[in-house]
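Here is a short round of questions on how structural terms are earned. Each answer sets a value against its cut-off.

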Amino acid sequence: MELTVWRTFVTVCRLGSLSAAAAELNHTQSAVSRQIAGLERQLGVPLVERHARGVRPTPAGEVFRHHAVATLNEADRAVRAVRDVRDGTFTRPLTVGATPSLAAGIVPEAIRGLLERAGSIRWNLLPGLTAQLHNRLIAGDLDIAVVTDAPPGLPHDPRVKRRFLGLDDMVVALPVGHPQAGRGPVHIQTLADQIWVEDNDGSAALLRQHAARAGVSARIDLTAADLVGKLALVATGHAIALIPGVLTGALRTGVTTLPLVDPPTRGIYAITPRRDPHPSAAPLLAQLATAFASVRPIHTPHQPTEKDDHAAAPRAVSN
């Protein structure tokens with residue numbers, strides 16, 4: 001498959017129109033239609049469907065679009081890197097990974113601090129869960145990742161160095177009009193009659209365990225596809241949710257937080273490869289420590305060494 005055809009498909013999905021995509025790409029509409037049809041023949045499945053105002057991707061098309069965008073972005077980066085080598089200006093981009101809640105505010109803040117002190121640096125930010133980010137770091141796709149020791153845990157790998165950044169208190173996300181908004185800390189028993197929403201099995205297990213220790217149960221009646229969907233259900237008043245404390249400063253409109261008495265916590269770590277570290281990884285580590293120190297509810301009771309950083313037991317979700 002040619003990337004030109006992939007780019008045509010992504011453009012059609014973005015604009016929702018064959019004619020608009022043809023105009024942007026300087027093609028004829030019939031040429032765009034032929035490219036999409038050829039791609040569908042190769043994949044053996046329809047990728048777009050017509051509706052009253054244009055076209056939209058089918059479920060299979062949406063899956064392909066997601067991967068096509070990632071592939072095209074990587075191809076564009078490869079072209080830029082080759083041109084930089086040709087022009088004598090090549091510098092290896094700093095590729096940072098982060099779990100969704102950490103990518104929502106803390107990590108971008110640390111990168112801003114790095115750029116303010118180090119000047120222009122090419123960088124990328126890739127979200128993922130801890131296990132995924134660990135594997136990508138080992139594969140060489142990432143230079144640094146900000147992860148958690150939450151279930152299923154942070155792998156113990158001699159190829160990886162890790163720095164403990166702090167403990168993150170979990171909090172309850174509420175719609176702003178909730179009767180408990182603005183109060184707290186509260187015991188989980190206070191929320192025993194509430195409807196909860198969760199976005200993964202680990203998060204649901206954590207909530208159930210925390211409630212069980214208090215002698216109550218949690219009604220997890222709703223399930224969201226991801227953290228964004230979970231917060232959307234909270235904002236619209238359908239449920240409340242247990243979320244990482246690091247999200248407090250990056251919540252969408254309509255959502256507030258409620259602290260818990262004796263909340264669950266998770267350890268936050270920055271991991272880097274032991275071999276061939278990026279020159280900007282160490283300065284970014286310093287900025288990450290600064291960013292975490294400025295956020296509450298985060299506390300750092302101690303800084304584990306390489307010998308004792310394994311001691312923190314997984315207690316929370318890997319959002």
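**Terms and the values behind them**

Outside its neighbours within four places in sequence, Thr8 touches Leu25, His27, Val32, Gln35 and Ile36. The model is predicted. Thr8 belongs to helix H1.

Q: Why is Thr8 called buried?
A: Its relative accessible area is 1%. Buried means under 20%, so Thr8 is buried.

Q: What makes Ala118 partly exposed?
A: Ala118, in helix H6 (residues 106-118), has a relative accessible area of 45%. Buried is under 20% and exposed is over 50%. The value of 45% falls in between, so Ala118 is partly exposed.

Q: How far apart are the C-alpha atoms of Ala118 and Pro283?
A: They are separated by 8.5 Å, with the two positions 165 residues apart along the chain.

Q: Why is H1 called roughly perpendicular to H3?
A: Helix H1 (residues 3-15) and helix H3 (residues 29-43) pack at about 105°, and their axes are 9 Å apart. Angles of 65 to 115 degrees count as roughly perpendicular. H1 is therefore roughly perpendicular to H3.

Q: Which residues make the contact of H1 with H3?
A: H1 brings Thr4, Val5, Trp6, Thr8, Phe9 and Val12. H3 brings Val32, Gln35, Ile36 and Leu39. By class, seven of these residues are nonpolar, three are polar and none is charged.

Q: What makes H2 roughly perpendicular to H3?
A: Helix H2 (residues 18-25) meets H3 at an angle of about 105°, with the axes 8 Å apart. The window is 65 to 115 degrees, so H2 too is roughly perpendicular to H3. Leu18, Ser19 and Ala22 of H2 meet Gln29, Val32 and Ser33 of H3. Here three residues are nonpolar, three are polar and none is charged.

Q: How many aromatic pairs does a search of the whole structure find?
A: It finds three.

Q: Why is the pair of Trp6 and Phe64 called edge-to-face?
A: The ring centres lie 5.0 Å apart, and a pair needs them within 6.5 Å. The planes are at 70°, and edge-to-face begins over 60 degrees. The pair is therefore edge-to-face.

Q: What parts does the pair of Trp6 and Phe64 tie together?
A: Trp6 lies in helix H1 and Phe64 in helix H4 (residues 59-87), so the pair ties together parts 58 residues apart in sequence. Both Trp6 and Phe64 are buried. Trp6, Phe9 and Phe64 form one aromatic cluster.

Q: How do you know that Phe164 and Tyr269 form an edge-to-face pair?
A: Centre to centre they are 5.4 Å apart, within the 6.5 Å limit. The planes make 65°, over the 60 degrees that edge-to-face requires. Phe164 is in strand E6 (residues 160-175) and Tyr269 in strand E11 (residues 265-273), so this pair links distant parts of the chain, 105 residues apart. Phe164 and Tyr269 are both buried.

Q: What lies over the face of Tyr269?
A: Arg162 does, at 5.2 Å from the ring centre. The distance limit for a charge over a ring is 6 Å.

Q: How many helices and strands does the protein have, and what share of its residues counts as buried?
A: There are 10 helices and 12 strands. Of the 319 residues, 46% count as buried.

How values were computed: Residues are numbered from 1 along each chain as its sequence is written. This is a predicted model: local features need pLDDT of at least 70, side-chain atom pairs count only at pLDDT 80 or more; totals for chains, interfaces and linings use all residues. Side-chain values use heavy atoms; hydrogens and water are left out. Axes are lines fitted to C-alpha atoms, for helices over the stretch in contact, and angles run from 0 to 180 degrees between N-to-C directions. Helices (H or I, at least four residues) and strands (E, at least two) are DSSP runs, numbered from the N terminus. Angles under 35 degrees count as roughly parallel, over 145 as roughly antiparallel, 65 to 115 as roughly perpendicular and the rest as oblique. Contact means heavy atoms within 4.5 Å. Ala, Val, Leu, Ile, Met, Phe, Trp, Tyr, Cys and Pro count as nonpolar, Asp, Glu, Lys and Arg as charged, and the others, Gly among them, as polar. Buried means under 20% relative accessible area, exposed over 50%, partly exposed in between (1.4 Å probe, protein chains only). Rings of Phe, Tyr and Trp (its six-membered ring) pair if their centres lie within 6.5 Å; planes under 30 degrees apart count as stacked, over 60 as edge-to-face and the rest as tilted. A charge sits over a ring if NZ of Lys or CZ of Arg is within 6 Å of the ring centre and within 35 degrees of the ring normal.
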